[in-house]
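Let's take a relaxed walk through the empty spaces and the ligand site of this model. Have the sequence and the 3D view ready.

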Amino acid sequence: MQRRVFSGIQPTGSLHLGNYLGAIQNYVALQDGYEAIYCIVDQHALTIRPDPQELRANVFEAARTLLACGLEPKRCTVFVQSHVPAHTELAWILSCVTSFGDLSRMTQFKDKSDQAESKGEFVSAGLFGYPVLQTADIVLYKAAVVPVGEDQVQHIELAREVVRRFHTVYGELFVEPQALLSPAKRILGLDGQFKMSKSRGNEIGLLEPAESVKKKLAVAKTDEKRKRRQDPGEPNDCNIYSLHQYVTDRAEVARIETECRRAGIGCVECKGILGASVERIAGPIRARAAELDAQPEIVRSALKEGAVKANEIAQKTLGEVRERVGLR
Ligand code: TYM
């Protein structure tokens, strides 16, 4: 059997450059040499209680963007989490071998529950159990490799712990998953401060028009100590430079580094080059997404086919799990 790759992505509106560089690029590459399975995790998205209409639209939008980025239904499986009911059933079973203490230590839970409390909102049990559902997603497919950005590593470590605990109680059944990070494991947003994310509003959207990206770059943070064009800059203190490293060719990055230090290049020009580099990646994705917009049945049928393939694997594993734990 080919080794399996699994990953999940939330349908949060528009996917951004951080998603692409940190994870989706690896999803695309891993279609070769692995059996690759990718899931749009709409049930995870419920933890932020999105508007139902919006959630439905966002699921389609995420699928369209993933296909536009290069996922090919012939080479991989793309499906929607809620189309495969085994995920939530397995999550319940796994939650019974997951330590409350371990879940309490998840930094994403701490961040999100702090955010909820500061807004006077309650902290849902769904938010607390989120990593258990994530574990179920992965182990249902006995995936060995999980391409993710750095923010998900703690969740994958938890998944390994849950698998070990299940094995201790019920015997070997699953595969312990390994996170696979890309060099761009943590892309900062244009504020230069926080991880790029839709919720922070500091993102470059993958389908965002070039003009709009240009406007965002124009006001993006650079090396704050460089006040005037003639001042030398320090690339290592500049988020624009750090973005260049993932999207601009190496010789050009080296030139920018040297020229910035000797004030040979200004921030405006440097941002212009970055805009062009982003467009080299995003332009073809946008074009393909527009084609898919005109042929939504391609996206729908990919998800339908994906659900059939995913259900087949998931049902088999769930049958084994039920047997092991004594549910039949
Ligand atoms: P999500 O939807 O927040 O992000 C999808 C993927 O994009 C990566 N990512 C980033 N990488 C680098 N820099 C950034 N600024 C950046 N922002 C996002 C994320 O690390 C992720 O790989 N809990 C997961 C979804 C999930 C999942 C799974 C992942 C559910 N089940 C099973 C793997 C396996 C999440 O919220 O990702």
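The largest cavity holds about 120 Å³ of space. A cavity here is a set of points, on a 1 Å grid over the protein atoms alone, where a 1.4 Å probe fits but cannot get out, and its lining residues have an atom within 4 Å of a point. Points are joined across faces, edges and corners, and a volume is the space filled by probe spheres set on them. This is a predicted model: local features need pLDDT of at least 70, side-chain atom pairs count only at pLDDT 80 or more, and totals for chains, interfaces and linings use all residues. Residues are numbered from 1 along each chain as its sequence is written, and side-chain values use heavy atoms, with hydrogens and water left out.

Who sits around that largest cavity? It has 14 lining residues, and those nearest its centre are Arg 226, Cys 238, Cys 260, Cys 267 and Cys 270. Two or more lining residues come from each of helix H10 (239-247), H11 and H12, with H12 giving the most, 3 residues. Helices (H or I, at least four residues) and strands (E, at least two) are DSSP runs, numbered from the N terminus.

By the same rule there are 2 cavities of 30 Å³ or more. The second largest has a volume of about 50 Å³, and its lining includes Met 106, Phe 109, Tyr 130 and His 155. Helix H6 (107-118) and H7 each bring at least two residues to that lining.

Then there are the pockets, open sets with protein on both sides within 12 Å along at least five of seven lines. The second largest pocket has a volume of about 370 Å³. It is lined by 21 residues, and Ala 125, Gly 126, Gly 129, Tyr 130 and Leu 133 are the closest to its centre. H7 supplies the largest share of this lining, 7 residues.

Here is how the linings and the ligand shell divide by class. Ala, Val, Leu, Ile, Met, Phe, Trp, Tyr, Cys and Pro count as nonpolar, Asp, Glu, Lys and Arg as charged, and the others, Gly among them, as polar.

| Site | Nonpolar | Polar | Charged |
|---|---|---|---|
| Largest cavity lining | 9 residues | 2 residues | 3 residues |
| Second largest cavity lining | 5 residues | 2 residues | 1 residue |
| Second largest pocket lining | 10 residues | 10 residues | 1 residue |
| Ligand shell | 11 residues | 11 residues | 5 residues |

Now for the ligand. It is surrounded by 27 residues, the closest being Gln 10, Tyr 130, Asp 137, Gly 149 and Asp 151; a residue counts as near if one of its heavy atoms lies within 4 Å. Polar contacts are pairs of N or O atoms within 3.5 Å. In one of them, an N or O atom in the side chain of Asp 151 is 2.4 Å from a ligand oxygen atom. A ligand nitrogen atom lies 3.0 Å from a polar side-chain atom of Gln 134, and a polar backbone atom of Ile 187 is 2.9 Å from a nitrogen atom of the ligand. On its own the ligand exposes 710 Å², and the protein buries 95% of that (areas come from the Shrake-Rupley method with a 1.4 Å probe).

Last, a look at some backbone angles. Most residues other than glycine have a negative phi. Lys 142, not a glycine, has a positive phi of about 50°, and it lies in the loop between H7 and strand S4 (145-147). Ala 263 also has a positive phi, near 55°, in the loop between helix H11 (250-261) and helix H12 (267-294).

Technical notes:
A polar contact is a pair of N or O atoms within 3.5 Å; within protein, one must be able to donate a hydrogen and the other to accept it, and residues adjacent in sequence count only if both atoms are side-chain atoms.
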